[in-house]
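Hi everyone, thanks for making time for this. I'd like to walk you through one structure, so have the viewer open and follow along with me.

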Amino acid sequence: MRIASLLASATETVCALGLEEHLVAISHECDYPPSVLDRPRVSRPRFDPTGQSSAAIDAAVRRAMREHGSVYVVDHERLRALQPDLLFAQAVCQVCAVPTSLAADAARLVGEEVKVVSVDAHTVDEIFESMLAVGRAAGAEAAAERLVQALKARLAAVAQAVAGCDRPRVLAIEWLDPPFVPGHWVPEMIERAGGRCVAGAAGRPSRETTWEALAGLDPDVLVVMPCGFDLDRSRTEAARYRNELARVAERALNSGRAFVVDGSAYFNRSGPRTVDGVEILAALLHPERLAGMDLHGRAEPLVGEG
């Protein structure tokens, strides 16, 4: 079997199922595990986001959608040369990754024998279902069952660790200019980690808002997790908008309960590392219960003056 993945979380799942040797192509955003970085990349964004601020990226995304109807381009010729049997994409968000519609267009050019699987999830349980779907499509259903059971066991361990704790009120910020509060699985991740999500709805799309609308929430904990940003970029972006963050979460900042995290790896993707994200959140919200959790390179306090 020859697998092409246009979705980072699907790439991670394929590898977690022991199918890495079958992976012949990846997307521009696939960066984990490191062993797949030598695979040909068959997609690219219509603009270079490197070093750009949230506002600049947002403007570029809106322009691409207005002018082209898509943020991404699929390399049809390279994909045709690689001749995949199975192509993974997603229909959850037109902006976050190559959409299934573009993948289907590419598959028609490659050949009718290419099977396109849309890996769509809006909740934690649906993430597990999507892993099983990847396993079924790739002939690795038993491995997928084992993976899901292992991940559910880790979530059960978190639930046990935080049982009976007071639940802090958590404000998560998924984008900074304009501000977005999280949807899909992230509010549920916060709840499973022993917190209460004060803005954003589980199973619904992430929602654009304003700093003025967030100003009265006064959360106990602030978590900054810009979509697609690693820890370094999240830190830089949080510093750029520190004044705005202080307006909506002054108490959390002053009490040392404001954090930046690697959103790209642990929160924005509907793959196996979502469970890592729940563990990270639990360690941030209840450090006395998860004292041994390694947060290096994953999360850190938001410090310094803007």
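**Cysteines, sheets, cores and a few odd backbones**

Let's start with the cysteines: searching the whole structure turns up zero disulfides. Cysteine 15, for instance, is in no disulfide, and the nearest cysteine sulfur, in cysteine 30, is 8.9 Å away. Please keep in mind that we are looking at a predicted model.

How far is the sulfur of cysteine 165 from the closest cysteine sulfur? That distance is 18 Å, to cysteine 197, which is too far for a bond. Is cysteine 165 buried or exposed? Cysteine 165 is buried, as its relative accessible area is 15%. Cysteine 15 is buried too, with a relative accessible area of 14%.

Now to the sheets. One is an open sheet of four strands, in the order β2-β1-β5-β6, and its pairing is parallel. At its edges you find β2 and β6, the latter covering 115-118, and each of these pairs on one side only. On average, neighbouring strands in this sheet are turned by 30° against each other, ignoring direction. If you zoom in on β1, residues 3-5, you will see that β1 pairs with β5 in the parallel sense over three bridges. One residue pair to click on there is alanine 4, whose bridge partner in β5 is leucine 87.

There is also an open sheet of five strands, ordered β10-β7-β12-β13-β14, and here the pairing is mixed. Why do β10 and β14 each have one side without a neighbour in the sheet? Both stand at the edges, β10 at 196-197 and β14 at 299-301, and each has a single partner strand, so one side of each is left without a neighbour.

Further in, β12 (residues 221-224) and β13 (residues 258-261) run parallel and are joined by three bridges. Valine 224 is the residue standing opposite valine 260 in β13. Then look for helix α9, residues 231-240, which lies across β12, β13 and β14 and runs at about 135° to β13.

On to the nonpolar cores. How many residues does the largest one have? The count is 61, and the residues with the most contacts inside this core are Phe88, Phe128, Met189 and Phe267. Helix α6, residues 141-162, gives the most to this core, contributing nine residues. If we pick out phenylalanine 128 and set aside its neighbours within four places in sequence, its contacts are Val148, Leu151, Lys152, Leu155 and Val275. A second core, separate from that one, has 20 residues, among them Ala199, Leu214, Leu245 and Ala249.

Here is a polar residue I'd like you to see: glutamate 188, which sits in helix α7, residues 186-192. Glutamate 188 counts as buried because its relative accessibility is 18%, and the cut-off for buried is under 20%. What does its side chain find there? A polar atom of that side chain lies 3.0 Å from the backbone nitrogen of valine 124. Not counting residues up to four places away in sequence, glutamate 188 touches Thr123, Val124 and Ala202.

Last, for those of you who like checking torsions, some backbone details. As a reminder, most residues other than glycine have a negative phi, and most peptide bonds are trans.

Which bonds go the other way? Tyrosine 32 and proline 33 are joined by a cis peptide bond, with omega about -5°. You can find proline 33 in the loop between β2, at 23-25, and β3, at 43-45. Aspartate 177 and proline 178 are also joined by a cis peptide bond, and omega there is about 0°. Proline 178 belongs to the loop between β8 (175-176) and β9 (179-181).

As for phi, glutamine 83 has a positive value near 50°. Its place is the loop between α3, at 76-82, and β5, at 86-89, and glutamine 83 counts as partly exposed at 33% relative accessibility. Aspartate 218 has a positive phi as well, near 45°. This aspartate 218 lies in the loop between α8 (211-214) and β12, and with 37% relative accessibility aspartate 218 counts as partly exposed.

That's the tour, and I'm happy to go back to any view you'd like to see again.

Technical notes: Residues are numbered from 1 along each chain as its sequence is written. This is a predicted model: local features need pLDDT of at least 70, side-chain atom pairs count only at pLDDT 80 or more; totals for chains, interfaces and linings use all residues. Side-chain values use heavy atoms; hydrogens and water are left out. Helices (H or I, at least four residues) and strands (E, at least two) are DSSP runs, numbered from the N terminus. Buried means under 20% relative accessible area, exposed over 50%, partly exposed in between (1.4 Å probe, protein chains only). A polar contact is a pair of N or O atoms within 3.5 Å; within protein, one must be able to donate a hydrogen and the other to accept it, and residues adjacent in sequence count only if both atoms are side-chain atoms. Contact means heavy atoms within 4.5 Å. A disulfide is a pair of cysteine sulfur atoms within 2.5 Å. Two strands pair if DSSP finds at least two bridges between them. Axes are lines fitted to C-alpha atoms, for helices over the stretch in contact, and angles run from 0 to 180 degrees between N-to-C directions. A nonpolar core is a set of buried Ala, Val, Leu, Ile, Met, Phe, Trp, Tyr and Cys residues joined through side-chain atoms within 4.5 Å.
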